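Work through the exercises below with the sequence and the model open. Try each task before reading its solution.

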Amino acid sequence: MSADVGQRASAGAPGALGAPGSLLAQGRVLRLAGGRLSLRWRPRAVVVGGTVLALAAGLVLLALVLGDFAVPLDQVWGALTGAEGPAGTVVRELRLPRALAALGVGAALAVSGALFQTLVRNPLGSPELIGFTQGASAGAVAGIVVVGLTGGALALSALGGGVLTAVAVYLLAVRRGLLGARLVLVGIGIGAMLNAVTWWLLTRAELATARTATVWLVGSLNAKGWDDVTLLVGALVVLGPLALVAGRALRLVELGDDVARALGLGLRRAQLLLVALAVAAVAVGVAVAGPVPFIALVAPQVARRLVRGPGIGLGTSALVGAVLLLAADLLAQHVPPTALPVGVMTGLLGGVYLGWLLRRDGRRT
Amino acid sequence: MTHHLVASDLTLAYDRRVVIENLDLAVPPESFTVVVGPNACGKSTLLRGLARLLAPRSGAVLLDGRAVHTMATREVARRIGLLPQSALAPDQISVADLVARGRYPHQSLLRQWSAADEVAVATAMALTDVTDLADRPVDELSGGQRQRVWLALVLAQETPVLLLDEPTTFLDIAHQVEVLDLLADLHEQGRTLVAVLHDLNQAARYATHLVVMTHGAIAAQGPPGEVLTAALVAEVFGLPCRVVPDPVTGTPMVVPEARVRVR
């Protein structure tokens with residue numbers, strides 16, 4: 001059994017094919033079991049992923065320390081490992097689950113955005129395109145205003161609205177396997193109608209009810225606990241392996257429908273898997289935190305620019321999304337005089353980011 | 001091993017619009033078959049049908065006697081390669097990375113990059129003369145270079161049959177000849193090629209088997225020297241012309257009659 005670890009998959013390696021330069025500029029290969037098993041990765045993606053992961057760990061630590069109830073750094077470990085007293089309770093029951101929920105929701109929204117952006121071949125792709133967010137909002141606001149739902153029932157009502165809308169848009173948009181422009185147009189149309197429903201419900205609601213509904217609509221991580229974290233971890237266990245398969249399909253889908261099919265991809269099935277995965281991911285994120293804006297849009301683009309590879313990677317997008325949302329939540333909690341819902345902060349940051357993107361692309365051309 | 005690609009009683013349609021009806025075509029094994037015909041005669045549609053991108057309304061496309069639409073799509077992808085007109089390169093992808101994606105039908109989740117993959121990609125890039133461009137982003141290449149890169153992707157797929165939909169479109173004449181010479185080389189190495197071309201004289205020069213289509217049917221087929229006559233061009237394209245021997249190759253050369261006589 002031989003394992004040529006870290007061999008550059010390049011014709012420039014000694015004894016290789018003798019062609020000048022490297023064949024796979026950024027690829028590394030690990031071969032095991034006499035070549036029956038082989039894995040390929042980009043060193044830069046691994047470095048970016050590791051750095052972002054370290055940043056996430058640092059931010060979690062910061063989240064445990066900061067707040068009205070000060071927990072000094074040297075007491076954090078004790079508090080985490082079960083020390084009695086207020087510090088332990090604050091860290092274990094409030095701050096840690098909230099930070100983990102932020103990471104999970106950010107990752108879920110980012111994966112969803114990465115999938116939509118590749119599917120519609122547009123950096124402005126996001127779950128709003130397929131009407132999911134508007135459907136979830138209408139579902140949640142209807143739940144709050146008409147029935148007075150809270151907690152898990154509210155999340156279910158939002159999910160129902162979102163998934164129903166996504167399925168309807170998908171069925172209306174798919175013609176001869178054509179995603180893209182048609183999907184966007186149908187999604188925008190149905191989304192606009194659902195927004196009208198949401199606003200109509202809000203105008204009819206009592207003031208206090210309307211306020212509750214509005215906080216949900218902005219997106220917030222207030223009072224997130226261990227049950228939310230459990231849901232997110234469960235989603236990771238189920239959707240993670242699917243994402244591995246989807247990642248391979250994604251690299252073909254971005255070459256155009258004809259090339260993808262000529263290379264042996266079952267396009268219809270792959271597209272359905274990708275859309276279903278994207279909807280499932282955003283559904284989990286929205287069920288926990290509401291429709292937090294801009295993470296799905298921004299995180300994949302940031303990840304792509306950091307990795308500098310072709311296409312959008314699901315793993316790096318997830319990590320960047322996780323860090324972005326946790327950072328936004330820390331800013332929203334601790335910088336303004338009174339804490340803001342995280343959705344306000346991501347909205348602000350997202351606007352700044354889009355401006356920067358326009359400026360940069362304007363300069364390049 | 002030679003491969004037999006056959007369209008049998010094939011009807012192809014987009015929704016209700018029937019483009020090709022009850023067509024029979026046996027692609028001669030190891031031939032360089034070129035399909036020509038006026039715009040909208042169904043030649044690209046036929047190629048899409050052969051590449052199983054379009055499911056037959058009736059009839060079948062058979063590869064060595066088996067209907068390609070009933071075969072596993074990856075299995076077909078290891079035998080038939082396609083260079084379509086609508087290929088998209090992701091932003092910033094390097095030449096080597098793009099060519100490497102042609103290996104998909106030979107890979108799996110646990111077998112992402114074998115030694116055979118490496119050899120196939122290196123060989124494909126050498127054949128198409130893009131090895132020196134390996135690290136360059138595809139967006140920065142000229143049209144001719146880009147077409148050679150896409151061809152390298154299809155070659156990396158290592159299929160005995162290659163289908164090419166207007167491989168010379170958008171190229172200047174020098175690059176057209178370059179691509180066609182490359183295809184002729186591939187044919188000489190034993191591959192079966194089916195290409196849709198616009199230029200009748202190029203078709204006559206390079207084809208070993210010429211298929212002339214009109215209105216979704218085959219008007220004539222055979223060696224270019226026998227098929228391409230002034231009468232056929234007048235009938236199929238509605239173009240009065242003379243057919244003279246190509247001064248370089250001796251193959252038929254179509255020279256349109258002048259609309260206004262030169263005084």
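The exercises go from the whole of one chain to its sheet, then to single residues and the core.

The model is predicted: local features need pLDDT of at least 70, side-chain atom pairs count only at pLDDT 80 or more, and totals for chains, interfaces and linings use all residues. Residues are numbered from 1 along each chain as its sequence is written, while chains are lettered from A and ligands numbered from 1 in the order in which they are written.

**Exercise 1. Describe the overall build of chain B.**

Step 1. Chain B has 9 helices and 12 strands; these are DSSP runs, numbered from the N terminus, with H or I over at least four residues for a helix and E over at least two for a strand.

Step 2. The radius of gyration of chain B is 19 Å, close to the 18 Å from the globule rule for 263 residues, so the chain is as compact as a globular protein of that length. The radius is taken over C-alpha atoms, and the rule is 2.2 Å times the number of residues to the power 0.38.

Step 3. Along the principal axes, the C-alpha atoms of chain B fill a box of roughly 65 × 45 × 35 Å.

Step 4. Of the 263 residues in chain B, 46% are buried. Buried means 20 or more other C-beta atoms within 10 Å of the residue's own, exposed means 12 or fewer, and partly exposed lies in between, with C-beta atoms placed from the backbone.

**Exercise 2. Trace the open sheet of 6 strands in chain B and find its edges.**

Step 1. The strand order is 6-7-8-3-9-10, with mixed pairing; two strands pair if DSSP finds at least two bridges between them.

Step 2. Strand 6 and strand 10 (217-222) of chain B each have a single partner strand, so one side of each is left without a neighbour in the sheet.

Step 3. Strand 6 of chain B pairs with strand 7 (residues 161-165) of chain B in the parallel sense over 4 bridges, and L82(B) stands opposite L163(B).

Step 4. Strand 3 (residues 32-36) and strand 8 (residues 192-196) of chain B also run parallel, joined by 4 bridges. Here V35(B) stands opposite V196(B).

Step 5. Both faces of strand 6 (residues 80-83) of chain B are covered: I80(B) and L82(B) are buried on one side, G81(B) and L83(B) on the other.

**Exercise 3. Which residues of chain B have a positive phi without being glycine, and how exposed are they?**

Step 1. Most residues other than glycine have a negative phi.

Step 2. D9(B) has phi near 50 degrees. D9(B) lies in strand 1 (residues 5-14) of chain B and is exposed, with 12 other C-beta atoms within 10 Å.

Step 3. H215(B) also has phi near 50 degrees. H215(B) is in the loop between strand 9 and strand 10 of chain B and counts as partly exposed, with 14 C-beta neighbours inside 10 Å.

**Exercise 4. Locate the centre of contacts in the largest nonpolar core.**

Step 1. A nonpolar core is a set of buried Ala, Val, Leu, Ile, Met, Phe, Trp, Tyr and Cys residues joined through C-beta atoms within 7 Å.

Step 2. The largest such core has 182 residues, and L274(A) and V99(B) have the most contacts inside it. Helix 3 (residues 86-119) of chain A gives the most to this core, with 17 residues.

Step 3. Beyond four places in sequence, the contacts of V99(B) include V121(B), M125(B), V149(B) and L153(B); a contact means C-beta atoms, placed from the backbone, within 7 Å.

Terms used
Contact = placed C-beta atoms within 7 Å.
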